[in-house]
Amino acid sequence: MKIILSIIALAFNLFGVSQNNKMLIESHLDKLKNAKVYALAIANSLNEDKFDFKPVKEEMSFKDQLVHIGENIYWLSATYIKEEPNPIKDNNKPNAKAMSKKEVLIFLNGAYNYAINSISELDSTSFSKESIVTGKQIG
């Protein structure tokens with residue numbers, strides 16, 4: 001009887017872990033979708049002639065910052081979620097200075113969609129993988 005109860009308890013525990021992982025994925029998707037809406041709304045609200053604004057000359061412009069956000073979304077999603085090469089590395093890397101407001105918005109939207117699709121493809125087994133970040137093992 002103890003063995004049967006142990007097996008039942010283990011099954012409920014594993015089901016609970018799977019449910020928690022699913023909730024984690026859904027939570028991250030909600031946050032990412034909200035971030036996408038917010039970032040694009042802010043970017044869309046600024047006139048194109050202000051996209052090159054820099055608070056001080058040493059800082060990135062508003063446009064540079066938006067492209068930087070998109071580049072990092074692609075990099076993090078490709079490297080740590082999809083575990084594949086970054087789709088914008090080297091020859092596909094955008095040149096923020098040459099981009100129009102419309103091109104920046106399209107790029108940023110694409111980055112968020114890439115991340116949303118990457119997270120949507122996760123399953124509960126993805127959480128058992130280990131990753132190396134700056135030479136240290138996590139996971």
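**Exercise 1. How much space lies in the second largest pocket, and which residues line it?**

*Solution.* Start with the volume: about 180 Å³ of space lies in the second largest pocket. Keep in mind that you are looking at a predicted model.

Next, find the walls. The lining consists of His 28, Lys 31, Leu 32, Asn 72, Ile 73, Leu 76, Ser 77, Tyr 80, Ile 81, Ala 115 and Ile 119.

Now sort these residues by helix. At least two lining residues come from each of α1, α2 and α3 (101-120). The biggest share belongs to α2, which gives six residues.

Finally, sort them by class. The lining of this pocket holds seven nonpolar residues, three polar ones and one charged one.

**Exercise 2. Describe the protein as a whole: its elements, its buried share and its surface.**

*Solution.* Begin with the elements. There are three helices and two strands, and from the N terminus on they follow the order α-α-α-β-β.

Then look at burial. The protein has 139 residues, and 27% of them are buried.

Turn to the surface. About 9900 Å² is exposed, with 59% of that supplied by carbon and sulfur atoms.

Last, consider the contacts. Among those between residues at least 6 apart in sequence, 66% join residues at least 24 apart.

**Exercise 3. What should α2 and α3 span, at 1.5 Å a residue, and which of their residues are buried?**

*Solution.* Take α2 to begin with. Its 21 residues should span 30 Å at 1.5 Å a residue, and the end C-alpha atoms lie 29 Å apart, so the two values agree.

Repeat the check for α3. Here 20 residues should span 28 Å, and the end C-alpha atoms are 28 Å apart, which agrees as well.

Now list the buried residues. In α2 they include Leu 66, Val 67, Gly 70, Ile 73 and Tyr 74. In α3 they include Val 104, Leu 105, Phe 107, Leu 108 and Tyr 112.

Connect this with Exercise 1. Ile 73 and Ser 77 are buried residues of α2, and both also line the second largest pocket. Likewise, Ala 115 and Ile 119 are buried in α3 and belong to that pocket lining.

**Exercise 4. Is Phe 53 buried or exposed, and is Ile 88 buried or exposed?**

*Solution.* Locate Phe 53: this residue sits in the loop between α1 (2-45) and α2 (62-82). Its relative accessibility is 53%; exposed means over 50%, so Phe 53 counts as exposed.

Look at its partners. Leaving out residues up to four places away in sequence, Phe 53 touches Met 60, Ser 61 and Phe 62. Its C-alpha atom is 7.9 Å from that of Lys 63, ten residues away along the chain.

Now do the matching steps for Ile 88, found in the loop between α2 and α3. With a relative accessible area of 9%, Ile 88 falls under the 20% limit and is therefore buried.

Its partners, again without residues up to four places away, are Glu 71, Tyr 74, Lys 93, Pro 94 and Phe 107. Glu 71 is 17 residues from Ile 88 along the chain, with 7.4 Å between their C-alpha atoms.

**Exercise 5. What is the sign of phi at Glu 83, and where does Glu 83 lie?**

*Solution.* Read off the angle: phi of Glu 83 is near 55°, a positive value in a residue other than glycine. Most residues other than glycine have a negative phi.

Then place the residue. Glu 83 follows α2, in the loop between α2 and α3. At 45% relative accessibility, Glu 83 counts as partly exposed.

**Exercise 6. How many residues apart in sequence are Lys 33 and Asn 113, and what is their distance in space?**

*Solution.* Find Lys 33 in helix α1. At 41% relative accessibility, Lys 33 counts as partly exposed.

Then go to Asn 113. Along the sequence Lys 33 and Asn 113 are 80 residues apart, while in space their C-alpha atoms are separated by 8.7 Å.

Note on methods: Residues are numbered from 1 along each chain as its sequence is written. This is a predicted model: local features need pLDDT of at least 70, side-chain atom pairs count only at pLDDT 80 or more; totals for chains, interfaces and linings use all residues. Side-chain values use heavy atoms; hydrogens and water are left out. Helices (H or I, at least four residues) and strands (E, at least two) are DSSP runs, numbered from the N terminus. Buried means under 20% relative accessible area, exposed over 50%, partly exposed in between (1.4 Å probe, protein chains only). Contact means heavy atoms within 4.5 Å. Accessible areas come from the Shrake-Rupley method with a 1.4 Å probe; for residues, only the protein chains shown count as cover. On a 1 Å grid over the protein atoms alone, a cavity is a set of points where a 1.4 Å probe fits but cannot get out, and a pocket is an open set with protein on both sides within 12 Å along at least five of seven lines; lining residues have an atom within 4 Å of a point. Grid points are joined across faces, edges and corners, and a volume is the space filled by probe spheres set on the points. Ala, Val, Leu, Ile, Met, Phe, Trp, Tyr, Cys and Pro count as nonpolar, Asp, Glu, Lys and Arg as charged, and the others, Gly among them, as polar. The expected span of a helix is 1.5 Å times one less than its number of residues.
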